[in-house]
Amino acid sequence: MPEAARDRPAEQEIEVSLFGPGFGECVVIHLGSNRWAVVDSCLDKESKRAAALTYFDQIGVDSQSSVELVVCTHWHDDHIKGIASVLSECPNATFVCSSVLKESAFLELVALGEEIRGSYGSGLREIEKVLKKIQFRRHRHEPAALTLCKAGKVLFEQTIGDVVTKIEALSPSDPDHQRMSLLFEQERDLLLAGEFKRTVPSLHPNLGSVVMRLQIGEQAILLGADMEHRPSTDSGWTAIVSNSTAEIPADLYKVAHHGSITGHAPEIWSQLLAPNCLAVLAPNQRLANPIPKPTDVERILSYTDRAYATAPAKVPKKRLEQPSERLFRRKGIIVKETPSSQGHVRARKSMDSPQPWEVALFGRALRLTS
């Protein structure tokens, strides 16, 4: 990671860092006074370590004493890889997850462990690792380390001087919790019956995602997780917008669902966000149709001209082998390019400043353009 990314934020400075290598995302937040929160996890492409832990090492943060929260917004493997290792190295942190993930049917899916294959099997196994670590802490008579959240749950509060910091979950709604619980029961029954040959189908678990709002003094941040828009008034973004009582619009938005149209609702921008707010996202290049699509980028830029991504949405085309490289290969010498560093969008501002966010880009991160 470039040298500029090694400086720590000041005591009274907010930082929101978004990491993403093209598949997966992680948000690291400085809450002030060297207190930190980690939201989701992805792996650093170079170190194969959780991106948050690599970053803490590089800027000199003691993760064992400084991390207050480790949040798992949902169990898709593009949001959860390495999160068990984050929890292990942050022993003072409380683990936060959606209340949906403690439903008995979901825990039965977790218990199936290695028997489950498919695109979500690894996410279930990562949750299993987390639950084992929490159980181990309890056996050592350590403080409870698990917080289950639904809409309205306050996850963190602190006061530094005159500045109050509050983190609140805006989802899942009670009806979405019930919907997810029923889905888990149905899919568990099908899996146990062998209908899917032990492969987890798409369960649309994004409705169980934990969307969070952070208010720091007179400033606010909205983290959209992978929440999706549904027309029902008690579901998804419609429920969040309908139940929002926030007086301060957020001036930084971690765009929901990698910028996809499925995570979009015009009311997010008109009711929850400040005009021309800072928008950051991590793409998902592994889909058959990577997101965000060009139409998604155009849509986002219609709301703000300050939009950034941790990496391009499209996977670069494979470069043709050069004649010199072919010659080396024939002699048994393999020439490889140095892999791109972790994409990183970093935003900082003073806790009591009305000034815009200062944005720095590292690795493959870029500003979105039409």
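These questions and answers take up some labels used for this structure, which is a predicted model.

Reader: Why is the pair of Trp 75 and Phe 184 called tilted?

Author: The planes of the two rings stand at 50 degrees. Under 30 degrees would count as stacked and over 60 as edge-to-face. The angle fits neither label, so the pair is tilted.

Reader: What makes Trp 75 and Phe 184 a pair?

Author: Their ring centres lie 6.4 Å apart. The cut-off is within 6.5 Å, so the rings pair. A search of the whole structure finds seven aromatic pairs.

Reader: Where in the chain do Trp 75 and Phe 184 lie?

Author: Trp 75 is in the loop between β4 and α3, and Phe 184 is in helix α7. They are 109 residues apart, so the pair links distant parts of the chain.

Reader: Why is the pair of Phe 106 and Phe 184 called tilted?

Author: Here the planes stand at 55 degrees, and the centres are 4.9 Å apart. Edge-to-face needs over 60 degrees and stacked needs under 30, so this pair is tilted. Phe 106 sits in helix α5, 78 residues from Phe 184. Ring pairs link Trp 75, Phe 106 and Phe 184 into a cluster.

Reader: How do you know whether Phe 106 is buried or exposed?

Author: Its relative accessibility is 0%. Buried means under 20%, so Phe 106 counts as buried. Phe 184 is also at 0% and buried.

Reader: What makes strand β10 largely enclosed?

Author: Five of its five residues are buried, so the rest of the structure largely encloses it. Both faces are covered. On one side are Gln 219, Ile 221 and Leu 223, and on the other are Ala 220 and Leu 222.

Reader: Why do the residues of a strand fall on two sides?

Author: In a regular strand, side chains alternate between the two faces of the sheet.

Reader: How do you know that β10 pairs with β9 and with β11?

Author: The rule asks for at least two bridges. β9 and β10 share five, in the antiparallel sense. One of them joins Gln 215 to Ala 220. β10 and β11 share three, in the parallel sense. Ile 221 stands opposite Leu 252 in β11. From β10 the chain crosses through helix α8 to β11, and this β-α-β crossover is right-handed.

Reader: What makes Lys 254 and Glu 25 a salt bridge?

Author: Their side chains meet at 2.8 Å, N to O. The limit is within 4 Å, and 2.8 Å satisfies it. The two residues are 229 residues apart, with Lys 254 in strand β11 and Glu 25 in the loop between β1 and β2. Both are buried. The count for the structure comes to 17 salt bridges.

Reader: Why is Asp 174 called partly exposed?

Author: Its relative accessible area is 44%. Buried needs under 20% and exposed needs over 50%, so Asp 174 is partly exposed. Asp 174 forms a salt bridge with Lys 150, the closest N and O atoms being 3.2 Å apart. Lys 150, at 31%, also counts as partly exposed.

Reader: How do the labels of Arg 179 and Asp 176 come out, buried or partly exposed?

Author: Arg 179 has a relative accessibility of 31%, so it counts as partly exposed. Asp 176 is at 1%, under the 20% limit, so it is buried. Their side chains meet in a salt bridge at 2.9 Å. Both lie in helix α7, three residues apart, about one turn of the helix.

Note on methods
Residues are numbered from 1 along each chain as its sequence is written. This is a predicted model: local features need pLDDT of at least 70, side-chain atom pairs count only at pLDDT 80 or more; totals for chains, interfaces and linings use all residues. Side-chain values use heavy atoms; hydrogens and water are left out. Rings of Phe, Tyr and Trp (its six-membered ring) pair if their centres lie within 6.5 Å; planes under 30 degrees apart count as stacked, over 60 as edge-to-face and the rest as tilted. Helices (H or I, at least four residues) and strands (E, at least two) are DSSP runs, numbered from the N terminus. Buried means under 20% relative accessible area, exposed over 50%, partly exposed in between (1.4 Å probe, protein chains only). A crossover is right-handed if, with the strands pointing away from the viewer, the path from the first strand over the helix to the second runs clockwise.
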